[in-house]
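Biologist: I am new to this structure and would like to go through it slowly, one question at a time. Could you show it to me before we begin?

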Number of protein chains: 2
Amino acid sequence: MNVLIVYAHPEPKSLNGSLKDFSVRHLQAAGHSVQVSDLYGMGWKAVIDASDSTVRARTDRFEPAMESMAAFQNHTQTADITSEQEKLVWADMVILQFPLWWYSMPAILKGWFERVYACGFAYGVGEHSDTRWGDRFGEGMLVGKRAMLIVTAGGWESHYSERGVNGSMNDLLFPIQHGILFYPGIEVLPPHVIYRTGKIDETRFSKECEALAARLDALETDKPIAFRHQNAGDYDMPALTLREGLAVSKHGFDIHINDDEFEKN
Amino acid sequence: MNVLIVYAHPEPKSLNGSLKDFSVRHLQAAGHSVQVSDLYGMGWKAVIDASDSTVRARTDRFEPAMESMAAFQNHTQTADITSEQEKLVWADMVILQFPLWWYSMPAILKGWFERVYACGFAYGVGEHSDTRWGDRFGEGMLVGKRAMLIVTAGGWESHYSERGVNGSMNDLLFPIQHGILFYPGIEVLPPHVIYRTGKIDETRFSKECEALAARLDALETDKPIAFRHQNAGDYDMPALTLREGLAVSKHGFDIHINDDEFEKN
């Protein structure tokens with residue numbers, strides 16, 4: 001497999017840095033091709049703005065979607081954006097590795113998506129009408145690829161459980177896993193989360209590497225989260241609300257996951 | 001009131017820019033003092049890194065929390081960070097205004113929190129023990145302040161409803177409203193969300209200004225979201241899970257809101 005690791009931590013000697021290095025070695029030893037986008041190491045420009053195209057489509061005002069679509073179509077994107085898009089196209093498997101900062105990904109990684117996910121590439125594709133709201137949530141340019149999050153958190157697992165004070169980890173990651181990865185068609189494996197990262201000695205680190213290795217070994221076989229496809233009949237158009245009768249016993253983000261084999265459609 | 005508007009949109013001539021200008025004029029006309037942090041206009045540095053302190057506490061490796069705490073305590077933060085912290089301390093009311101990009105705030109605003117929310121200022125305060133997990137979620141350095149989000153979204157309101165394909169807007173904003181604003185003690189008013197921003201003519205714009213004015217006029221009187229206080233008895237320590245018997249009929253992020261006046265505690 002071609003594996004792209006998009007990695008966002010400022011310190012190579014951190015737990016995140018060590019785990020990233022471990023992943024690269026482990027995946028390569030298993031015969032995979034690996035590319036790493038080390039966002040801090042690359043000095044990645046986090047902020048989308050008018051300088052992201054070499055030729056402005058419209059100079060009187062900057063409209064991010066319109067401008068990124070023109071730049072994508074006319075090959076006037078800056079080289080850093082094109083290069084990351086090429087890595088995404090190359091990859092069979094995308095791993096995002098980051099520390100959970102303020103209950104989401106670091107700004108530098110958010111900005112990677114804002115700039116690399118051009119209009120016409122990751123959104124704004126397919127028919128947009130009152131009966132079909134684009135190729136998204138299960139369809140799109142990145143169909144056929146898989147992704148997995150590797151996330152570190154200082155807090156305890158219970159703090160992120162279903163009744164934990166922070167909100168559940170699955171719900172906190174939903175905007176990333178569903179809203180960013182599944183949006184252009186990427187299948188998303190359950191995340192690999194490492195808690196209580198403040199105190200990690202050698203013994204614990206070895207155990208974490210073992211646990212991570214097990215996940216890496218199963219990247220091709222693990223079952224993705226069963227997010228519902230937008231255009232497969234589960235949603236009313238154009239309201240895009242889940243059809244009556246579906247997920248009746250579920251609530252919140254969970255209704256968009258169909259893990260009930262017996263659900264009638 | 002002292003009102004701080006933290007505003008994140010790259011184009012002054014955008015809907016966001018126009019609404020921000022409207023808010024400033026409207027609030028000033030009502031007698032409030034207003035400061036605006038126009039993150040794009042200021043060229044705000046979005047990425048937290050080792051250059052955020054003028055004197056490194058530790059030079060062999062960069063640990064964001066430890067380094068930011070040392071810089072906050074030793075007054076060795078960079079001037080841009082100190083200036084934004086002073087605005088937060090000055091403000092009675094904090095308005096975050098941004099377009100919803102990939103189901104969250106723009107990277108430049110996320111990076112504002114990562115850098116301005118220093119350890120010792122917005123987190124890492126109060127007693128940390130097995131019986132008390134810091135002053136947070138209702139307590140902290142920013143107690144007594146209020147906040148409100150002003151968010152624009154291209155999609156329809158139904159797409160962000162309880163059964164909408166994107167997940168509900170309240171759930172999407174929870175990590176910001178609860179995890180970032182309520183965390184250091186800020187009370188959060190219900191958000192003001194403007195949908196279908198792609199097609200806004202003069203008539204619609206006037207109506208949106210009216211609706212926004214009504215919200216701005218009620219900043220001091222609107223009831224905040226009733227997020228549960230971490231240290232008021234609702235959560236078991238140190239697991240930080242919601243106590244058995246509370247919010248039994250709720251699910252997901254909603255369990256952390258106590259809007260049932262009759263709930264037994």
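Biologist: With which residue does B:Glu63 form a salt bridge?

Modeller: Please keep in mind that this is a predicted model, so the distances I give are computed from its atoms, and a salt bridge here requires a side-chain nitrogen of Lys or Arg within 4 Å of a carboxyl oxygen of Asp or Glu. At 27% relative accessibility B:Glu63 counts as partly exposed, and its partner is likewise partly exposed, at 31%. The closest N and O atoms of the pair are 3.5 Å apart, and the residue that B:Glu63 meets is B:Arg58.

Biologist: In chain A, which residue forms a salt bridge with A:Glu63?

Modeller: A:Glu63 is partly exposed at 28% relative accessibility, and the residue it pairs with is partly exposed too, with a relative accessible area of 30%. The closest N and O atoms are 3.5 Å apart, and the partner is A:Arg58.

Biologist: How far apart, N to O, are A:Glu139 and A:Arg132 in their salt bridge?

Modeller: A:Glu139 has a relative accessible area of 25% and is partly exposed, while A:Arg132, at 23%, also counts as partly exposed. Their side chains meet in a salt bridge, and the N to O distance is 3.1 Å.

Biologist: How many salt bridges does the rule find across the interface of chain A and chain B?

Modeller: A search of the whole structure finds 34 salt bridges over all chains, and within chain A there is a network of them that links A:Lys45, A:Asp49, A:Asp52, A:Asp80 and A:Arg115. Between chain A and chain B, there are 29 residue pairs in polar contact, both residues being at pLDDT 80 or more. Across that interface, however, the number of salt bridges found by the rule is zero.

Biologist: How much area do chain A and chain B bury between them?

Modeller: The contact involves 68 residues of chain A and 68 residues of chain B. Of the buried area, 64% is on carbon and sulfur atoms, and the total between the two chains is about 5,200 Å². In chain A, the residues that lose the most area to chain B, together 18% of what that side buries, are A:Trp102, A:Arg163 and A:Val165.

Biologist: Which element gives the largest share of the side of chain A that touches chain B?

Modeller: The residues on that side of chain A divide into 36 nonpolar, 18 polar and 14 charged. The elements that give two or more residues to it are α5 (107-116), α6 (169-182) and β8 (241-242) of chain A. The largest share, seven residues, comes from α6(A).

Biologist: Why do the buried residues of helix α3 in chain B lie on the same side of it?

Modeller: In this helix, which covers residues 64-73, the buried residues are B:Pro64, B:Glu67, B:Ser68, B:Ala70 and B:Ala71. They fall on the same side of α3(B) because they cover an arc around the axis of only 160°. An α-helix has 3.6 residues a turn, so residues three or four places apart point the same way.

Biologist: Is A:His75, with its positive phi, buried or exposed?

Modeller: Most residues other than glycine have a negative phi. A:His75 is not a glycine and yet has a positive phi of about 55°, and it lies in the loop between α3 (64-73) and α4 (79-90) of chain A. In chain B, B:His75 takes a positive phi of about 55° just after α3(B). With a relative accessible area of 72%, A:His75 is exposed.

Biologist: And is B:Ala247 buried or exposed?

Modeller: B:Ala247 has a phi near 50°, a positive value in a residue other than glycine, and its place is in the segment after β8 of chain B. The cut-off for buried is under 20% relative accessible area. At 8%, B:Ala247 is buried.

Biologist: What kind of peptide bond joins B:Met237 and B:Pro238?

Modeller: B:Pro238 lies in the loop between β7 (235-236) and β8 (241-242) of chain B. Most peptide bonds are trans. Between B:Met237 and B:Pro238, omega is about -5° and the bond is cis.

Key: Residues numbered from 1 in each chain as written. Chains lettered and ligands numbered in written order. Predicted model: local features only at pLDDT ≥ 70, side-chain atom pairs only at ≥ 80, totals over all residues. Heavy atoms only, no water. Buried < 20%, exposed > 50% of the residue type's maximum accessible area, 1.4 Å probe, protein only. Helix = DSSP H or I, 4+ residues; strand = E, 2+ residues; numbered from the N terminus. Arc of directions from axis to C-beta. Contact = heavy atoms within 4.5 Å. Buried area = accessible area lost by both parts, 1.4 Å probe. Polar contact = N/O pair within 3.5 Å; in protein donor to acceptor, adjacent residues only side chain to side chain. Nonpolar A, V, L, I, M, F, W, Y, C, P; charged D, E, K, R; others polar.
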